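Hello,

Here is the structure I promised to pass on. My notes follow below it, and I hope they help you find your way around.

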Amino acid sequence: MKRTALAFAAGLALFPLAAFAHKTWLLPSQTVIAGDNAAITVDAAVSNDLFYFNHVPLQTSGLIITAPDGSRVSPENLATGRFRSVFDVPLAQQGTYRLAVVNNGLFASWKENGQPKRWRGDADAFARAVPQNAQDLQVSQAITRVETFVTHGAPNRTALAPAGIGIELDPVTHPNDLFVGEEAVFRVLVDGKPRPGLQIELVRGGTRYRDAQEELQATTDANGVFKVRWPQPGMYWMEISSSDDRTSVPQARQRRLNYAATFEVLPQ
Amino acid sequence: MRPTLSLAIGSLLFAPVHAADLSVEVEIPRINAAEYHRPYVAIYVETTAGQAAANLAVWYQDQNGKEGHGSKWLPDLRQWWRKSGRTLKVPVDGITGPTRPVGRHVLKFDDRHPELAKLPPGQYVLVVEAVREVGGRELLKIPFDWKGRPSKGSVQGNSELGKVSLSSTP
């Protein structure tokens, strides 16, 4: 019993509800890299303050690192501590790497012989794990993506290709080409298609040293596009949330979608 | 009759030698720092719209140091890196070279320079960008006319660069 409750708590850390308002993030040591034997290190955490790992680590089970040629790269020295996960990424190729923690999970709760039961897992395991005629069955789905981008040498776009599920960013402006005072243009996709009317929130790092969040807000237009002009250099955290009923199993009524990404904006 | 003829022959002889040229003087200032490293410097030409047009010189540490190869820090020349540095495979013959000491450095280029040879006549901007390890960064610009009217210009840096001056003749 205690174990399932713990697992469920871990699930919440993995798929933070919008109401919890904790921010999930990856923080790369550098985003623009050159030279031989290039590598970066990345912090991964869940917190309110940006970018301070003072709450819980981000679980990295869904970590996918895509190389400039589209192949997968394994992280090195992956460890999860009390407050953060950390891993290194060797950058053997020239071009843009996409680092993403992607999760697509179902959450179920029901009653069995008067006892509450909880389960989380993917759509394939659902039918086996959850009884067909479960009493008071509640199921929800969450698709989350937490990502960042780094470029070794000249940027390219192979790794930026959308996977076609959940909320994704289809960057018109390359995510490693962001400069103060310039306008960046992004398209937001849901299941691979541009989605109008989504709210975007952007917060610059270093929140501990100022009184207000100073968040930037935008909404996607009819083509799913939004624009942002960066007021200051720094690491920015972006979040986009939505929900719909396009679930993977009919028992799930609602699907929560969350996207979070970290971008570095350079001075002129 | 005869003097005119020799003059005509003379101009024929000299015409091909008269090439458009660009002379640039860059001063690296003396900086009183406990830990001083020579700056990385990129000297390049961009269009008036800010697009990369020609790389003239890039000075950096092209060897392995205690902290790895010096090319690791080239992106610190932020604008140069973004506009053209990141697409170059360094070292580049005739363009890249080692870092230079404090003092005035005179560079002379003409239209036989591999990058200037491709540059169509028009208005351009000379950019000198310098960045120093454990120091700062400075970027200076001087507009000039390439293969148009003769141009002269100078600008005074106030941190990582001293006086930068330019003269070009068509």
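To start with a small puzzle: in β11(B), which residue is the bridge partner of B:S151? The partner is B:S168.

Some housekeeping: this is a predicted model, in which local features need pLDDT of at least 70 and side-chain atom pairs count only at pLDDT 80 or more, while totals for chains, interfaces and linings use all residues. Residues are numbered from 1 along each chain as its sequence is written, and chains are lettered from A and ligands numbered from 1 in the order in which they are written.

On confidence, the model has an ipTM of 0.84 and a pTM of 0.88. The average pLDDT (the predictor's confidence in each residue, from 0 to 100) is 90 for chain B, where 89% of the residues score at least 70. Residues 7–13 of chain B fall below 50, and this stretch has 0 contacts in the model beyond near neighbours in sequence. A contact here means that the C-beta atoms of two residues, placed from the backbone, lie within 7 Å. Where pLDDT is low, the predicted coordinates should not be read in detail.

Now the sheets of chain B. Strands (E, at least two residues) are DSSP runs, numbered from the N terminus, and two of them pair if DSSP finds at least two bridges between them. The pair in the puzzle, β10(B) and β11(B) (residues 163–169), is antiparallel over 6 bridges. Both belong to an open, antiparallel sheet of 4 strands, ordered β7-β1-β11-β10. Its edge strands, β7 (103–110) and β10 (151–156), each pair on one side only.

Another open sheet, with mixed pairing, has 5 strands in the order β6-β3-β2-β8-β9. Its edges are β6 (96–97) and β9 (137–146) of chain B; each has a single partner strand, so one side of each lacks a neighbour in the sheet. β9(B) pairs with β8(B) (residues 122–131) in the antiparallel sense over 10 bridges, and B:E138 in β9(B) is the bridge partner of B:A130.

As for the interior, the largest nonpolar core has 94 residues, and B:I43 and B:V128 are among those with the most contacts inside it. B:I43 touches B:V128 as well as B:V24, B:V26, B:L56, B:A57 and B:L107, leaving aside residues up to four places away in sequence. Such a core is a set of buried Ala, Val, Leu, Ile, Met, Phe, Trp, Tyr and Cys residues joined through C-beta atoms within 7 Å, buried meaning that 20 or more other C-beta atoms lie within 10 Å of a residue's own.

Best wishes

Conventions. Buried ≥ 20, exposed ≤ 12 C-beta atoms within 10 Å, placed from the backbone.
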